[in-house]
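User: I would like to know what stands behind the terms used for this model. Please take me through them one by one.

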Amino acid sequence: MRNQLNRRSFLKMAGMVTGASALALAGCAPAATPNTSAPAVAATSAPPAQQAGAPVPALLRSDAGEKDYFEKAISLFESRNPTIKVTRVYSPGQEPYTTKLDLMIAGGDPPAIYAPFSARGYRYYASKGLSQPLDDFINRDKVDMSDFFEDALKGCKYKGQYMALPLDAWPHLVIFNRDLFKKAGLPDLTTDWTDKTWDTNAYAELAKKLTDPATQTLGSRIYSSGWPAGWVFGTDWFTPDVYETGIVKTWIGDKTPQTIAAVQWVADMVLKDKTATTPAQEKSLAAANQNPFTTGKVAMYVGNIGDLSTLQQITDFDWGLAALPFPPGASLPRHWHVWIDFWSMIKGVKNLEGAWQLLKFMVSADAQKIYPIEYGPQSSLKSLANYWVEVQKKLMPKKTDQEFQTMIDAPKNEQIDLENWTINFSPIQTQAMQPMLDTVWLGEKTAEQAIKDVTPKMNQLIKDTTAGLS
Amino acid sequence: MSGTEITATRITGRQRPSKLLRKEYLAFYLFASPWLLGLLFFTLGPTIASFVLSFSEYPLIVAPTWIGLANYANMITDELIVQALKVTFLYSLGAVPLGLTAAFLIAILMNQGIHGIRVFRTVYYLPAIISGVPVALVWMWVLNPDFGVLNSALRTIGIQGPAWLFNREWVIPAFIMMSLWNVGAPMVIFLAGLQGIPQHLYEAAEIDGATTIERFFYVTIPMMSPVILFNLVLGVIGSFQIFTPAYIMTSGGPANASLFYGLYLYDNAFRFLKMGYASALAWLMFMIILILTLLIFRLTGRWVYYEGSIQS
């Protein structure tokens with residue numbers, strides 16, 4: 001039949017459709033600019049003219065009830081700043097949060113302020129020229145920077161400029177089952193951060209004493225199944241400049257005997273002594289958001305202050321809090337991390353002044369009394385330490401003053417972590433560090449062999465991921 | 001040009017379609033337009049875009065930079081691609097034959113004229129309507145080494161089950177076993193195929209003295225061969241695209257033992273923001289699937305029987 005679609009007509013039509021599609025996409029995609037690292041936001045259009053009344057979009061986390069606290073804090077801000085309207089954009093935390101942030105930036109509609117929460121940190125965005133420097137605002141408004149934890153502030157600088165401000169502190173402590181300790185005739189663990197008799201040797205010995213196969217009781221959860229395992233003896237995987245620059249530049253894991261020994265120590269507790277949970281047990285429980293300690297069958301573990309809300313619900317046994325142990329013989333200072341989150345601003349927002357006012361408010365004492373303190377973790381402001389204790393005492397009336405003091409002192413004895421503050425740690429961690437550690441936890445390799453084997457890959461990844469960074 | 005040729009051209013020349021035909025065209029495009037627009041903007045468009053992006057360095061939050069064939073060149077030295085392909089091929093080799101066999105056998109059972117067969121069919125198909133994250137979470141519990149249903153069952157017969165998802169040797173068999181969850185979809189297709197086999201072929205075979213097994217191999221299998229081919233192709237494509245269970249259950253671990261190709265692609269795209277490299281990976285996957293599909297068609301030409309087709 002003459003009017004049937006013949007092959008030529010079909011090809012012609014397909015060509016037209018493809019061409020139209022390509023044109024449409026070319027219009028949507030960010031313009032290709034050879035040899036440039038211009039932000040996608042800026043690449044598509046000129047920086048927007050400042051609009052005083054423009055809404056301020058804030059990308060917020062909505063995990064485990066956090067939304068209510070952010071909502072409360074922002075409502076307070078809006079009531080005090082009626083001319084500034086905040087657009088709330090909520091996302092689950094961790095990876096979905098950064099993906100949302102990336103897509104908002106790529107779509108040319110970035111949030112004015114954001115807080116990545118333990119994922120790709122602000123320095124990644126700063127390295128791409130996307131972060132708004134805050135120094136001028138801080139100086140203009142005379143923000144009291146002395147009240148923030150010094151270590152956290154150090155991390156808020158990129159290339160000498162403030163690009164973020166800390167909003168909370170999630171330190172680590174040892175959490176122990178007081179009933180199991182009593183049953184074994186053991187005293188409570190120390191709450192004193194300066195007690196040098198409390199070291200990892202003592203921790204391992206206690207774990208042995210508390211392990212009882214007859215009652216299926218384990219002395220400890222695995223000390224760490226991730227990269228912090230290399231920190232247990234006080235040393236690091238990388239040179240210390242990483243915390244200042246935010247760039248992993250030099251791998252020293254293979255040249256640091258303490259790091260190798262620390263990983264082996266963690267593995268030995270699991271595989272040789274059988275006094276700690278296996279990564280398999282941890283992961284299977286983590287999938288259901290379960291903490292093995294709450295079963296009453298684990299005597300102690302290195303936990304985070306964020307665990308308190310779960311621990312408060314335990315009615316079957318009494319539990320206590322203690323300082324982290326020193327490396328063996330307290331020969332080196334402790335090296336462990338306090339998770340600190342921060343607010344940062346994306347460059348080129350429509351209402352820059354409104355965005356700054358919101359950021360400044362969110363790190364202020366008034367906002368931090370709501371989030372993080374009402375929610376659970378500590379504030380990034382030293383002056384709010386006692387307020388945090390007041391709030392927590394109501395929730396944990398049985399906890400002693402010494403235990404609260406241990407919690408307040410924890411951030412001073414810990415330092416910022418790698419993943420939230422480092423531009424190129426994520427690919428290194430995913431592609432080399434964790435697979436290497438897995439071979440140790442599976443008992444396939446010794447720590448020494450695994451670290452030696454991963455070194456060429458590690459160096460290659462560092463080389464690849466630092467290209468173009470300075 | 002001769003006069004005869006001119007006449008011929010006039011006769012066969014383009015004729016203006018009738019009013020009715022034009023109306024039909026319009027109606028066709030109007031009704032097909034949602035699908036056509038969807039294809040254009042959500043399938044064809046992104047496909048073209050990903051091809052272009054595969055020649056660029058594109059960290060998503062900054063503009064792409066043209067780097068020519070560098071992404072494809074980098075793939076040659078990327079040892080994780082080899083691991084991802086190995087894992088994916090192994091999974092495919094296990095999951096596809098197992099899934100097809102199980103689906104076919106269940107379909108034969110579901111094709112029996114017994115009381116309450118509709119209930120059985122529904123029950124066997126039900127799991128297929130739940131997929132993705134909930135299924136992954138359920139299977140994490142099933143495969144839990146300490147208190148999972150599977151290891152508990154094994155313990156009752158004196159077998160200490162492995163750590164499944166946390167064991168390098170058992171993680172892929174665990175995923176293969178889990179793939180049986182979706183056996184309902186191919187089962188329904190097999191069932192439709194089985195019900196389409198003319199009854200007289202069985203009757204003729206029976207008259208000729210064929211046993212039940214002979215009827216199965218000489219009537220059922222040949223008549224079902226196009227359906228088997230269809231499910232085989234879909235199964236291979238599906239198995240190469242596995243992502244959600246690995247993302248939720250293992251994140252590629254332990255020690256990259258479950259680093260499926262789709263997961264590695266996702267990591268590059270959204271975790272490391274190497275969108276250009278991820279696009280190149282996607283095109284490699286497309287080529288692999290295309291070659292495998294063509295290979296299957298070529299190899300199956302000999303045994304697939306199409307009723308009514310003229311065999312050369």
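**Terms and what backs them**

Analyst: Of the 470 residues in chain A, 47% count as buried. The model is a predicted one.

User: What makes a residue of chain A count as buried?

Analyst: The test is a neighbour count: 20 or more other C-beta atoms must lie within 10 Å of the residue's own. In chain A, 47% of the 470 residues pass it.

User: How many helices and strands does chain A have, and what makes a run a strand?

Analyst: Chain A has 19 helices and 13 strands. A strand is a DSSP run of E with at least two residues. β8 of chain A spans 218–220, so that run meets the minimum of at least two.

User: What is the strand order in the open sheet of 4 strands in chain A?

Analyst: The order is β8-β9-β7-β10, and the pairing is mixed. Neighbouring strands are turned by 25 degrees against each other on average, direction ignored.

User: Why are β8 and β10 of chain A said to stand at the edges?

Analyst: Each has a single partner strand, so one side of each is left without a neighbour in the sheet. That holds for β8 (218–220) and for β10 (319–322).

User: How do you know that β7 and β10 of chain A pair?

Analyst: Pairing needs at least two bridges found by DSSP. Strand β7 (residues 172–177) and β10 of chain A are joined by 4 bridges, so they pair. The two run antiparallel. A:Ile175 has A:Leu321 in β10(A) as its bridge partner.

User: Which helices pack on this sheet, and which strands do they touch?

Analyst: Helix α9 (residues 200–210) of chain A touches β8 and β9 (298–304). Its direction makes about 160 degrees with that of β8(A). Helix α17 (residues 401–409) of chain A touches β7 and β10. The direction of α17 makes about 45 degrees with that of β10(A).

User: Now chain B. Where do its domain bounds lie, and what makes two residues from them count as in contact?

Analyst: Domain 1 covers 15–66 and domain 2 covers 71–300. Their centres, taken over C-alpha atoms, are 31 Å apart. Contact is judged residue by residue, with C-beta atoms within 7 Å. By that test, 12 residues of domain 1 of chain B are in contact with 9 residues of domain 2 of chain B.

User: What does the side of domain 1 of chain B that touches domain 2 of chain B consist of, by class and by element?

Analyst: By class, that side has 8 nonpolar, 3 polar and 1 charged residues. The elements giving two or more residues to it are α2 (19–53) and β1 (56–57) of chain B. The largest share, 3 residues, comes from α2(B).

Notes:
Residues numbered from 1 in each chain as written. Chains lettered and ligands numbered in written order. Predicted model: local features only at pLDDT ≥ 70, side-chain atom pairs only at ≥ 80, totals over all residues. Buried ≥ 20, exposed ≤ 12 C-beta atoms within 10 Å, placed from the backbone. Domains from an automatic or database assignment. Nonpolar A, V, L, I, M, F, W, Y, C, P; charged D, E, K, R; others polar. Axes fitted to C-alpha atoms, helices over the stretch in contact; angles between N-to-C directions.
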